[in-house]
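Student: I am new to this structure and would like a close look at a single part of it. Could you pick one strand and walk me through its surroundings?

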Amino acid sequence: MPTLAELRSKAVKVKDASVSSLANTRDRMSSQPSKNINWHADIKPKPPPPPKPDFRPPPPPSRTSSTSSTPTTTQSKPPAPPVPLRRAGSSTNASLARSSNPVSQTSSASPSPPPRPPPRSLNSQPTSSASPSPPPSVLGVSPGPPPPIRRDTRPDAASHTSASHLIPPPMRSIQEGEADTYVDRIDWANLSSEDKQVFFSWLDEFFSRYLGVTVPPRSAVDGVEHLKVPPGGYMPPPKAPITSRPAESPHMSSDHITCYPPPSEHDSLAEDLAHYFAPSTHWTSTWYTSESDLLAPPLRGKGDLNWTASWSHDGRTKTIHAGVFFPDLSMCWYAVAWPLHLAPTHDPNDTRVVQRTAQFLPRPSPWDGPRLVAAHETYGETIASFAESYEDTGQFCARGECWDLANEALKSFAQYDWVPPPVPSILRTHGHLMYEGKVANGGRTQAGRWRGGDDRVRRGDIVEWKVAKLSTGPYSRATLGNPDHTAVIVSDMVPHTQVADGKSVPPREMGLLEVVEQGVTSPPKRAKYDLAKLEEGEVWIYRPVALEEYVGPALAPECPDGVNALTL
């Protein structure tokens with residue numbers, strides 16, 4: 001029977017074992033609080049905002065541009081505080097309609113490899129079909145695994161040709177004793193007709209075996225006639241037949257190099273609309289009486305503009321107001337007023353009862369170098385960093401369209417109240433036009449024009465393509481735009497030639513563009529395109545700039561006070 005001391009010793013050992021087991025379990029099962037874990041370590045941070053200035057700059061001076069049609073400017077009123085944007089619901093007797101129809105499509109692919117390298121065809125269009133846009137994703141929230149990336153649709157993916165299987169040339173065997181035989185040099189300049197016949201028969205035999213074709217034997221009339229070689233042994237080059245000359249390339253107009261923005265009948269698209277509201281213009285309908293569509297008939301069906309409109313009445317007279325922002329950065333405001341008691345079939349051209357007015361701002365003039373550099377310092381780094389924050393994350397920006405990457409970067413400045421709002425994206429316009437160019441006929445016909453006083457393309461600029469085809473290798477090419485493609489430039493590019501505002505600069509003289517781009521089937525990624533290898537298509541480069549300083553006031557149904565708008 002155990003003694004009392006033995007029982008006490010066993011109890012102490014059991015207690016120590018239990019305490020040690022509990023301590024070890026606590027150490028193994030302990031973890032850090034979840035609030036200390038960085039759940040978004042793989043997601044790149046958002047770009048930093050531009051530095052906040054110590055003081056607010058003074059308001060920009062009003063624009064006093066004139067047009068060639070001798071318009072009369074309205075008298076400027078004393079300066080007034082900025083007019084806030086009119087929003088829907090701000091007035092009990094007004095309704096607001098807005099329209100903004102940006103359209104974006106992108107496609108880029110390489111042609112399939114042929115069995116043998118054929119001559120490059122200028123009519124091939126290796127484009128990839130666009131799949132439905134994925135739902136928008138938020139940068140701060142993990143949307144799950146990214147969609148599979150088709151590497152064969154990358155613009156920079158080069159196609160490789162397969163090796164040609166040709167019959168090898170026949171091997172010449174050396175007869176015994178030939179290795180030690182001295183071979184005299186052939187006097188090629190003084191070959192006789194018989195020697196030439198034998199030489200050509202050897203060539204026929206060689207190519208017949210090498211190419212696997214049958215070459216008919218030569219006759220005596222196939223010999224080479226003797227030519228009289230002038231002193232010195234050099235013959236002049238033969239004259240090329242006229243029928244072999246390439247066709248003359250079509251001439252490109254210096255006024256309208258590219259198809260965008262759409263050409264205007266007058267100095268700007270806004271002035272074209274102002275002429276529609278002139279008393280001399282005959283209207284065929286009372287379109288302004290419809291409350292469902294307040295857009296003027298010349299603008300209906302067009303998706304390349306931003307507009308806003310409203311209507312109001314005081315019990316006797318009804319008035320509609322509308323403001324339109326065009327892709328050439330001109331603006332127009334129009335108004336139509338008429339008595340409420342008029343019948344729907346009244347005469348819209350009776351100026352005694354129907355009053356119509358219009359004011360407009362022409363397209364802005366190009367800026368000088370210092371102002372363009374200052375705009376780059378304000379917006380460029382933030383826009384480039386915004387695009388790079390999506391690079392290689394597998395996440396799409398907004399809908400995944402190529403246009404969204406530039407549009408969302410410009411819209412991100414709304415969170416920085418000390419930064420003037422930039423010019424918004426209006427279809428294919430993203431600010432101050434820096435360059436436009438066009439290439440046709442496989443690169444043989446080129447035209448381009450530099451705008452503004454800066455001497456280079458800078459980081460944060462935005463590039464637009466339209467059905468552009470670039471050579472990416474000996475037998476491959478990339479197609480940018482089906483029909484349009486947008487990308488954010490992330491590296492400076494200095495043209496190969498000296499540039500100035502209005503100077504003709506063909507795309508071959510530009511250089512290499514490094515961009516971040518996305519498509520509906522490809523998440524944001526980095527790519528490089530050499531404009532010198534552009535074979536077909538059009539290209540535009542824009543510099544983001546301040547809206548009020550470059551264009552004028554923000555879009556509103558009525559022209560704000562203090563704006564020196566023009567009238568006809």
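Tutor: Here is a walk around one strand, with a short look at the whole chain beforehand. Please keep in mind that this is a predicted model. The protein chain has six helices and 14 strands. Of its 568 residues, 39% count as buried. The accessible surface of the chain comes to about 33,700 Å², and 55% of that belongs to carbon and sulfur atoms.

Now let us turn to strand S7, which covers residues 432–440. Eight of its nine residues are buried, so S7 is largely enclosed by the rest of the structure. Buried here means that a residue has under 20% relative accessible area.

Which strands pair with S7? One is S13, residues 534–543, joined to S7 by seven bridges. S7 and S13 run antiparallel. To find this pairing in the 3D view, look for Val-439, whose bridge partner in S13 is Gly-537.

S7 is also joined to S8, residues 445–450, by six bridges, and these two strands run antiparallel as well. A handy place to look is Tyr-435, which stands opposite Trp-450 in S8. S7 and S8 form a hairpin, with four residues between them. In that turn sits Asn-441, which has a positive phi of about 55°.

As you trace S7, one general point may help: in a regular strand the side chains alternate between the two faces of the sheet.

Finally, back to the whole chain: among contacts between residues at least 6 apart in sequence, 74% join residues at least 24 apart.

Methods. Residues numbered from 1 in each chain as written. Predicted model: local features only at pLDDT ≥ 70, side-chain atom pairs only at ≥ 80, totals over all residues. Heavy atoms only, no water. Buried < 20%, exposed > 50% of the residue type's maximum accessible area, 1.4 Å probe, protein only. Pairing = 2+ DSSP bridges. Contact = heavy atoms within 4.5 Å. Areas by Shrake-Rupley, 256 points an atom, 1.4 Å probe, with all protein chains shown as cover.
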